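User: Hey, can you walk me through this protein? I'm new to this, so plain words please.

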Amino acid sequence: MSSSENPPGHGAPGPAEAALPAVAPQLRALRRQAALTLESAARAAGLSPAHLSRLETGQRQPSLPMLLALARVYGTTVGELLGERVPDRDAVVRAADMEPTAAGGWTYWQAGVSGRAMQALRVHVPYGSQGDIVRVHPGEEWLHVLKGRLRLRLGDTIHRLAPGDSAHFDSLTPHRIAAEDDGGVELLFVHTLLQSPTATLCLGPTPGVTP
């Protein structure tokens, strides 16, 4: 993670960040439980001690990438940083409860429970949608093609995946996802960055480069 206090694309809180509950008490308690000083914890998370102090005193709300970094430093989950407890969540997600969410032409269905360090989604990517958007963000991603054919660009390499194929990669590698077929592609998708289904850190089209 960058050493800057506001990672690219996170200079101002978005809707998902604004909805975060107060996390100051958990941040301080978990840091002390991990036997870390303010300075050492901030350095490991890529923050300044002053910024981490403001997070712990409730003067600032952390961005979601910050929460992920702090969870790794403290050896816990983002859900625990948010004060959630595993027994309070149902482990099973029923098909009838999966409400579709549309964003940028894609359709998402939540396939996992909220508040975890991983988010699981079922995604439909229509043909010609968002193929020029480069995504870069902390974490890992795993995807599995259910239907249709997928074009996955990782850095400068293009991979074409058929039904049954999977990919697992570091999300800091610039990546693009596009459907190869007119009918689009359907995926199972898991990533480690806790965020809303519609939130993503995008760098936008890369001039002179075709997907």
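**Talking through the model**

Analyst: Sure, let's start with P174: this proline is partly exposed, with a relative accessible area of 39%. Keep in mind that the model is predicted.

User: OK, where is P174 found?

Analyst: P174 sits in the loop between β8 (166–170) and β9 (175–179).

User: And which residues does P174 touch, not counting residues up to four places away in sequence?

Analyst: With those left out, P174 touches V134, R135, V136, R153, L154 and G155. Take R153: P174 and R153 are 21 residues apart in sequence, and their C-alpha atoms are 8.0 Å apart in space.

User: Cool. New topic: which residues of helix α3 are buried?

Analyst: Helix α3 covers residues 38–45, and its buried residues are L38, A41, A42 and A45. They span an arc of only 100° around the axis, so they end up on the same side of α3.

User: What about the other side of α3?

Analyst: R43 and A44 are exposed there.

User: And what follows α3?

Analyst: G46 does, and its phi is positive, near 80°.

User: Zooming out, how many helices and strands does the protein have?

Analyst: There are 6 helices and 11 strands. The protein has 211 residues, and 42% of them count as buried.

User: How much area does the protein expose?

Analyst: About 10,600 Å², with carbon and sulfur atoms supplying 54% of it.

User: Last one: what share of the contacts with a separation of 6 or more comes from residues 24 or more positions apart?

Analyst: Those residues account for 68% of such contacts in the protein.

Notes
Residues numbered from 1 in each chain as written. Predicted model: local features only at pLDDT ≥ 70, side-chain atom pairs only at ≥ 80, totals over all residues. Heavy atoms only, no water. Helix = DSSP H or I, 4+ residues; strand = E, 2+ residues; numbered from the N terminus. Buried < 20%, exposed > 50% of the residue type's maximum accessible area, 1.4 Å probe, protein only. Contact = heavy atoms within 4.5 Å. Areas by Shrake-Rupley, 256 points an atom, 1.4 Å probe, with all protein chains shown as cover. Arc of directions from axis to C-beta.
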